[in-house]
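Biologist: I am new to this structure and would like a close look at a single part of it, explained step by step.

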Amino acid sequence: MECNPQRRHAILCFSPQTAAMVVLSNPTLHQIPLVKPPKLAASSGGSISVVDLSKPRAAASAAIIEACEDSGFFKVVNHGIPLELLCRLEAEAAAFFARPPADKESALGPADPFGYGHQTIGRNGDVGWVEYLLFAVSSTTTVPISSLGEYLVAVKRLAGEILELVAEGLRMKQRDRLSKMVTEEESDGIFRLNHYPPCPLLLEGFDGGGLTGFGEHTDPQIMSVLRSDGAAGLQVAGKDGSWVAVPPDRRAFFVNVLTNGRFKSIKHRVVVTDTERSRLSMIYFFGPAEETRITAMAEVMVDGEERRYNEFTWREYKKAAYKTRLGDDRLRRFEK
């Protein structure tokens, strides 16, 4: 089975003369950063770690630990979530974003930060060529996408499995110590559904570059699980300063992690370069309950390693994070 929605819209366009995004139904200009032709590493995908969950647990666990220590970003295959569910959610999401703007905003209300948003990302001045739905998984908000509940249950189960494999790889005594933080009822889950419309005029006078869809950042949660459709656009930062284009794979999930420093938290961005086809992505962000105290766990620290951050609650971290911009280091204020 293959998803093939082939979404083709012409909602937005780009004017190289004004270097601005224009909403055709509204002549207001919105300044969206241009991305000049980057020093882009080969997009073969060879530099992206792959974790195969069909392999023996010890092998999968070792692959996850290696990927987390190397970049903090990896691709998960043979995860057991049916492609039919992924395609169904993708089609329903595409149908939602094809609605008139007023209908989309009325579904969850304007983003502040949760709700329906377009172009403005967060409260602190970030913008991008994107519209989105953002909501807390534990909220009672009714999201008009029928497959979403089934999808969230499946991805939460996957996240728990990955974190148990992390615990095994770190030789933690309690295998579910990490997974319980993000799978219990009180855990702080956030879901984001992004839609990047095409721009028929995008490449006129701007050869080889693109438009910022979602600016350079690291994810602020403990772990995030990403899936996108078959459209390109996601890029991750390489160790040499280049950007690595992540080949799209609608059958797989991509995972980011955040830790004391032993595991990396990779910078990534989305660049819009397609003049005809839109891009959909869905990200489940996993965090613990708000009163959970966050600190490096002594049992996984190596000899001589020190804690890089003061202890804080997840609520304190979130409060600080909401005051930052995309590219900011959200953990800096907690450094020792």
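Which residues of strand 15 lie on one side and which on the other, and are its faces covered?

Modeller: A word on the basis comes before the answer: this is a predicted model, in which local features need pLDDT of at least 70 and side-chain atom pairs count only at pLDDT 80 or more, while totals for chains, interfaces and linings use all residues. Residues are numbered from 1 along each chain as its sequence is written, and side-chain values use heavy atoms, with hydrogens and water left out.

Helices (H or I, at least four residues) and strands (E, at least two) are DSSP runs, numbered from the N terminus. Strand 15 has both faces covered, with Phe 253, Val 255 and Val 257 on one side and Phe 254 and Asn 256 on the other, all of them buried; buried here means under 20% relative accessible area, against over 50% for exposed and partly exposed in between, with a 1.4 Å probe and protein chains only. Put as a count, five of the five residues of strand 15 are buried.

The setting is an open sheet of eight strands in the order 6-7-15-12-17-10-9-8, with mixed pairing, where two strands pair if DSSP finds at least two bridges between them. Strand 6 (49-52) and strand 8 (115-121) stand at the edges with a single partner strand each, so one side of each is left without a neighbour in the sheet. Strand 15 is joined to strand 7 by four bridges, and these two run antiparallel; Phe 254 is the bridge partner of Lys 75, and Asn 256 stands opposite Phe 73. With strand 12 (residues 223-228), strand 15 also pairs in the antiparallel sense over four bridges, and there Val 257 stands opposite Met 223.

Helices touch this part as well, contact meaning heavy atoms within 4.5 Å. Helix 1 (residues 57-70) packs on the sheet and touches strand 6, strand 7 and strand 15, whereas helix 2 (residues 83-97) lies across several strands, including strand 15.

The rings of Phe 253 and Phe 254 each have a partner. Rings of Phe, Tyr and Trp (its six-membered ring) pair if their centres lie within 6.5 Å, and planes under 30 degrees apart count as stacked, over 60 as edge-to-face and the rest as tilted. By this rule the count comes to eleven aromatic pairs. One of them is the stacked pair of Phe 73 and Phe 254, at 5.6 Å centre to centre and 10° between the planes. Phe 73 lies in strand 7 (residues 73-77) and Phe 254 in strand 15 (residues 253-257), so this pair ties together parts that are 181 residues apart in sequence. Tyr 151 and Phe 253 have ring centres 6.4 Å apart and planes at 35°, so their pair is tilted. Tyr 151 belongs to helix 4 (residues 148-169) and Phe 253 to strand 15, so the pair ties together parts 102 residues apart in sequence. The relative accessible area is 0% for Tyr 151 and 0% for Phe 253, and both residues belong to one aromatic cluster with Phe 135, Phe 191, Tyr 284 and Phe 286.

Finally, a nonpolar core is a set of buried Ala, Val, Leu, Ile, Met, Phe, Trp, Tyr and Cys residues joined through side-chain atoms within 4.5 Å. The largest has 66 residues, of which Phe 74, Tyr 151, Phe 191, Met 223 and Val 225 touch the most other members. A second, separate core of 25 residues includes Phe 254.

Note on methods:
Axes fitted to C-alpha atoms, helices over the stretch in contact; angles between N-to-C directions.
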